[in-house]
Amino acid sequence: MTAKHRGQSTYMSDMRPHDILLPVAAGLCCKPGGFHIDPVRPVERAVITHGHSDHARPGHGAVLATQETLDMMRLRYGDNFARSTQAIRYGEEIRLGDVTVKFHPAGHVLGSAQIAVSCKDICIVASGDYKDATDPTCAPFDVVPCDVFITEATFGLPVFRHGDAADEVKKLLASVALFPERAHLVGAYSLGKAQRVIALLREQGYDAPIYLHGAMEEITHYYQSRGVALGELRAVKGMKKADLVGTIALAPPEATSDIWTRRFPDPVTAFASGWMRVRARARQRGVELPLVISDHADWDGLTATIAATGAGEVWVTHGQEDALVHWCKSRGLAARPLDLVGYGDEEESEAVAADEADT
Amino acid sequence: MNRFAELLDRLAYEPGRNNKLRLITAYFRDTPDPDRGYALAALTGALSFKHAKPGLIRDLIADRTDPVLFGLSYDYVGDLSETVALMWPRRAVNHDESLLGHPSPPPSPARGKGAQFSAALSPRTKSKAAIDTLTVPSPLAGEGQGEGYHTGGASDEQRGHNNPPPPTLSDVVTTLRTLGKTDLPKQLARWLDELDETGRWALLKLVTGAMRIGISARLAKTSAAALGDKDPHDIELIWPGLAPPYLDLFAWLEGRGDKPVNRDPAPFRPVMLAHAIEDADFASLEPADFIAEWKWDGIRVQAVAGRDERGQMQARLYSRTGEDITKSFPDLVPSLRLPGAIDGELLVLRDGRVQTFNVLQQRLNRKVVSPKLIKDFPIHLRAYDLLGDDENDLRELPFAERRAHLETFVKKLDDPRIDLSPTVTFDSWETLMAARADPSSAGAGEDAEAVEGVMLKRRDAPYLPGRPKGQWWKWKRDPHIIDAVLMYAQRGHGKRSSYYSDYTFGVWTNGEDGEQLVPVGKAYFGFTDEELLQIDRFVRRNTTEKFGPVRHVVHEPDQGLVLEVAFEGLQRSPRHKSGVAMRFPRISRLRWDKPPREADRLETLERMLKDVTAN
């Protein structure tokens with residue numbers, strides 16, 4: 001299924017990887033294919049890895065993405081977020097200009113994909129954001145062998161090693177048992193993290209209703225509509241303080257330290273994030289119960305994945321590029337940081353949404 | 001060890017006292033002896049072994065990780081123990097791989113089928129056919145996921161059959177006590193291999209003696225008392241006779257044994273504390289019922305001496321919370337020659353004159369009490385109560401009688417380092433108020449500067465632990481007051497985490513850019529709940545910039561909020577941009593009526609500083 005098998009002429013056989021994908025101001029540009037991957041500015045044709053707002057932005061001409069990603073963009077930006085859209089399934093291959101594009105599960109959030117771009121005999125995988133840990137709310141990560149692997153480095157330092165997320169949820173439940181008269185307020189990004197935390201709680205046998213901040217109701221209901229079982233969910237809005245005793249509620253991170261929390265009885269503030277691995281980060285945010293649950297691969301995940309792809313060249317973007325580039329080089333792999341701006345955690349973008357929520 | 005580590009970890013984030021208490025009590029309930037006893041010892045600072053130097057920890061990690069990756073990680077985390085705890089390599093299944101200079105083991109088979117496969121393929125020679133079989137489309141979310149498939153970091157805790165279980169806290173403590181210096185690195189490495197991340201972090205904090213988790217010994221003992229519904233004072237009373245792992249204490253708390261007896265010849269007695277008096281309180285108080293003394297601005301201590309079984313005199317100095325601080329003041333020990341328990345104030349005296357708290361502070365928290373320190377900061381005990389005289393417990397006696405015993409005791413002691421705190425004579429609240437306003441002319445003489453107010457003690461009050469209502473009152477001198485402008489606000493913690501309750505305030509000065517505000521302090525209390533709501537609202541509506549949790553609040557000559565700040569003292573401080581640091585600052589009033597331009601100036605503070613140091 002690679003370009004090689006198509007037996008094309010060889011007039012471009014001296015093609016190099018950066019002739020296929022090149023970082024430009026608008027994002028990762030595929031000239032021979034005539035599109036950008038996860039563009040940060042409006043472009044004519046966009047191929048999008050997943051629905052987080054730093055990767056999926058409105059205002060493009062044509063958008064190619066999984067059905068879930070398209071649906072999430074529609075929920076977020078309204079029906080007219082792009083001039084036209086096209087859905088693609090995992091494993092499906094599409095020809096765009098001189099390249100072929102194939103989507104593979106990235107294990108990051110529902111609908112998230114790695115995009116394999118092949119041209120002649122070179123295959124580059126732009127993995128977007130990914131994680132190789134179990135997540136009951138999305139398709140598991142696939143290792144896609146390739147020549148050039150483009151990896152994120154959000155947690156690209158060897159100090160980031162996320163344990164089993166189930167243990168973190170057990171920690172939360174132990175706290176609920178110890179403080180039955182308080183509410184537990186879990187900060188979690190609205191898209192992906194929140195639903196994963198709920199699903200993990202259900203896996204641990206927690207079957208009480210789970211309460212949701214208004215800002216995450218819609219996207220969570222979308223997950224349910226896609227067949228992700230999350231049990232009984234209720235809106236926080238309209239609840240009396242006394243009714244929230246002993247409950248678990250989820251809210252966007254910023255809301256957990258704002259006026260909104262005053263409706264809860266003596267809340268324990270938890271935060272589900274890979275950043276919680278580092279104590280100073282947790283303390284800085286005033287978190288009382290840090291839960292190390294990440295939707296990105298940790299250091300071991302990043303390095304194992306890079307090795308598993310068999311790629312001889314690695315491009316590293318958004319995060320701790322230095323450490324990961326160093327690691328690649330120490331393993332004899334060609335590696336360089338990609339100068340892409342505009343990607344990060346959802347954190348920044350959610351701050352605004354939460355403030356507006358209901359203050 | 002892992003369970004204890006979990007407790008420490010949770011305590012480190014928990015701001016509320018009651019919640020900390022419950023966490024510790026729950027730990028004591030769930031953890032068997034002797035582990036919980038060693039935990040209590042760790043929390044009360046009763047463990048003693050030679051601490052490991054940070055250099056040792058660095059060497060251990062340097063042998064196991066890439067130096068560049070360690071450097072980047074340490075820069076990011078900022079704490080050695082934590083960096084090492086997080087980076088410590090997982091014990092690889094293949095032991096031939098485990099000590100190579102890389103933090104990561106070979107890709108774990110647990111991480112996905114692709115990983116297993118490609119391990120057999122070298123990067124350049126992979127077969128294209130294999131690629132096709134590997135990239136099978138996966139179903140969309142819903143079914144058939146994650147079966148027996150990778151489990152992220154779960155392999156961290158997956159131990160092979162040959163791996164020993166992680167050490168218990170008792171293992172660690174008892175081993176450390178006897179372990180030779182040369183064996184320490186190897187032993188430490190073995191434990192680090194066996195523990196999880198939190199366990200490693202706690203272990204490193206423990207062995208380097210850097211366990212700062214905001215728990216007082218008192219809180220730990222109170223948590224233990226809660227286990228058996230006992231009064232924490234009872235534990236304080238028997239505490240000096242107890243030793244880790246406190247098997248007899250826990251047996252008593254759980255109703256399985258008798259109350260342990262304190263055979264300590266110089267035990268601590270829970271202290272009696274005073275309430276701050278308010279203007280309205282005077283109406284119901286009769287001057288003749290009270291004895292007044294100066295309130296000295298030093299450190300409250302209990303100086304106890306008694307004979308042990310062999311007839312040797314043992315002397316100890318306790319802080320007001322019962323911590324043994326004898327080691328910090330060896331120069332006072334020879335003066336405690338008579339068996340008894342004095343309640344008093346620790347002060348620095350030079351040429352018979354009491355120095356300010358600022359001077360005393362320079363003797364505190366020193367690791368080594370050098371002869372020079374002892375000479376430059378001669379320590380002194382000013383006695384104001386006597387709780388025990390030889391074998392006799394005097395605490396049931398009325399204060400007036402204890403005072404008489406004290407006077408005799410101090411006279412008999414006849415030691416230049418110990419004197420009597422004089423009483424202040426008064427016949428009405430007005431005369432006492434005048435004395436308080438001007439201690440130097442009311443008997444305090446040249447020591448007036450170390451007087452921070454007066455104490456009122458009921459003549460008939462027995463010595464009661466805690467803060468009993470209406471027995472002892474403290475009546476502080478009026479604090480210093482300035483008007484400052486709110487500059488930055490930060491969210492509080494715990495219950496206050498949704499409020500901007502920590503305020504940085506500044507005063508005017510003529511700086512490089514002309515008239516500008518320079519921060520002079522931070523305060524997070526003093527206001528009422530209602531005022532907190534008002535300030536919080538003001539902060540939210542007048543934020544000009546946000547830096548993380550900090551809000552930059554408008555502070556222009558005509559726009560901003562003036563806070564009346566009360567404080568106890570001033571000190572020069574090169575660490576602060578303004579050059580001054582306040583002691584005990586708090587918000588005393590909100591001056592909505594005052595435009596910021598009329599707030600105080602730095603020169604005012606500098607003048608106060610001169611007044612203080614000139615005296």
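In this predicted model, strand β8 of chain A, residues 99-105, is mostly covered, with 7 of its 7 residues buried. Here, buried means under 20% relative accessible area. The side chains of the strand point in two directions: A:Val99, A:Val101, A:Phe103 and A:Pro105 face one way, while A:Thr100, A:Lys102 and A:His104 face the other way. Residues on both sides of β8(A) are buried.

Strand β8(A) is paired with two other strands of chain A, as the table sets out.

| Partner of β8(A) | Residues | Bridges | Direction |
|---|---|---|---|
| β7(A) | 93-96 | 4 bridges | antiparallel |
| β9(A) | 113-119 | 6 bridges | antiparallel |

Individual residues show how these pairings are made. On the β7(A) side, A:Leu96 stands opposite A:Val99 of β8(A). The strands β7(A) and β8(A) form a hairpin with 2 residues between them, and in this hairpin A:Gly97 adopts a positive phi near 60 degrees. On the β9(A) side, A:Ala113 is the bridge partner of A:Pro105.

The nonpolar cores of the model are considered next. The largest nonpolar core contains 105 residues. Those with the most contacts inside this core are B:Met1, B:Phe4, B:Leu40, B:Leu169, B:Leu203 and B:Leu249. When neighbours within four places in sequence are left aside, the residues in contact with B:Leu40 include B:Phe28, B:Ala220, B:Trp239, B:Tyr246 and B:Phe250. B:Leu249 is also in contact with B:Leu40, as is B:Lys221. Another core, of 35 residues, lies apart from the largest one; among its members are A:Val109, A:Leu110, A:Leu200 and A:Ile293.

Key
Residues numbered from 1 in each chain as written. Chains lettered and ligands numbered in written order. Predicted model: local features only at pLDDT ≥ 70, side-chain atom pairs only at ≥ 80, totals over all residues. Heavy atoms only, no water. Core = buried A, V, L, I, M, F, W, Y, C linked by side-chain atoms within 4.5 Å. Buried < 20%, exposed > 50% of the residue type's maximum accessible area, 1.4 Å probe, protein only. Contact = heavy atoms within 4.5 Å. Pairing = 2+ DSSP bridges.
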